[in-house]
Amino acid sequence: MTTYLWIKLIHILSATVLFGTGMGTAFFMLKAYLSNSDAAMLETSKHVVQADWFFTTPAVVVQLLTGIWLTSHLAISFTSYWFVAVIGLYAFVGACWIPVVWIQIRVNRLLQEGAKRDSYRPLMRAWTALGIPAFASVLMLFYLMVSKYGAYP
């Protein structure tokens, strides 16, 4: 296999890890919250934070590095509509994800201190409000990765 195909495979796998981990942790965090069980939220938020550090963070870095390499290798201009859209969406998702991680850590700490649902409810509302546009943006990124719409003049 060529270097290009290896980098492309790594890019696809890291995108899969990023999206899959995000969907999985969001599902379990939301289910724990909706269960009205502080014990479930405590345990789930602990594991969600760990998953973000172990899987999501490395995938974010790999996506950026392999994405820039692939863009350059495919001779797509860094000023093209496609690249500007991709890097803009990537930055937007990151701008949503960083506070989401902070919220998850904060919720976990509140629960460790014995806090009840009312004290972390506003945080979970913000978590949801940030997660929805972030996931929609990731879907747009997948579309742009596959279609390369606007990549070439």
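**Exercise 1. Is Met1 buried or exposed, and which surface patch does Met1 belong to?**

Step 1. Start with the cut-offs: buried means under 20% relative accessible area, exposed over 50%, and partly exposed in between (1.4 Å probe, protein chains only).

Step 2. Met1 has a relative accessible area of 62%, so Met1 is exposed. Met1 sits in the segment before α1 (3-34).

Step 3. Now look around Met1. Together with Leu5, Trp6, Leu9 and Leu13, Met1 forms a nonpolar patch on the surface, and their joint accessible area is about 510 Å². Patch residues have over 30% relative accessible area and no salt bridge; like charges are joined within 9 Å, nonpolar side chains (Val, Leu, Ile, Met, Phe, Trp, Tyr) within 5 Å. A salt bridge is a side-chain nitrogen of Lys or Arg within 4 Å of a carboxyl oxygen of Asp or Glu. Areas come from the Shrake-Rupley method with a 1.4 Å probe, and for residues only the protein chains shown count as cover.

A note before you go on: this is a predicted model, where local features need pLDDT of at least 70 and side-chain atom pairs pLDDT 80 or more, while totals for chains, interfaces and linings use all residues. Residues are numbered from 1 along each chain as its sequence is written, and side-chain values use heavy atoms, without hydrogens and water.

**Exercise 2. How many helices and strands does the chain have?**

Step 1. Helices (H or I, at least four residues) and strands (E, at least two) are DSSP runs, numbered from the N terminus.

Step 2. The chain has four helices and zero strands, in the order α-α-α-α from the N terminus.

Step 3. For the whole chain, the C-alpha atoms fill a box of roughly 55 × 30 × 20 Å along the principal axes. Of the 153 residues, 37% are buried.

**Exercise 3. At what angle do the axes of α3 and α4 cross?**

Step 1. Two packed helices are described by the angle and the distance between their axes.

Step 2. The axes of α3 (residues 81-112) and α4 (residues 117-147) cross at roughly 155° and come within 8 Å. Therefore α3 is roughly antiparallel to α4 (a term for angles over 145 degrees).

**Exercise 4. Where do Asn36 and Lys148 lie?**

Step 1. Asn36 lies in the loop between α1 and α2 (38-73), and Lys148 in the segment after α4.

Step 2. Most residues other than glycine have a negative phi. Asn36, however, has a positive phi near 65°, and Lys148 one of about 55°.

Step 3. Asn36 is exposed because its relative accessible area is 53%; Lys148, at 26%, is partly exposed.

Conventions:
Axes fitted to C-alpha atoms, helices over the stretch in contact; angles between N-to-C directions. Parallel < 35°, antiparallel > 145°, perpendicular 65-115°, else oblique.
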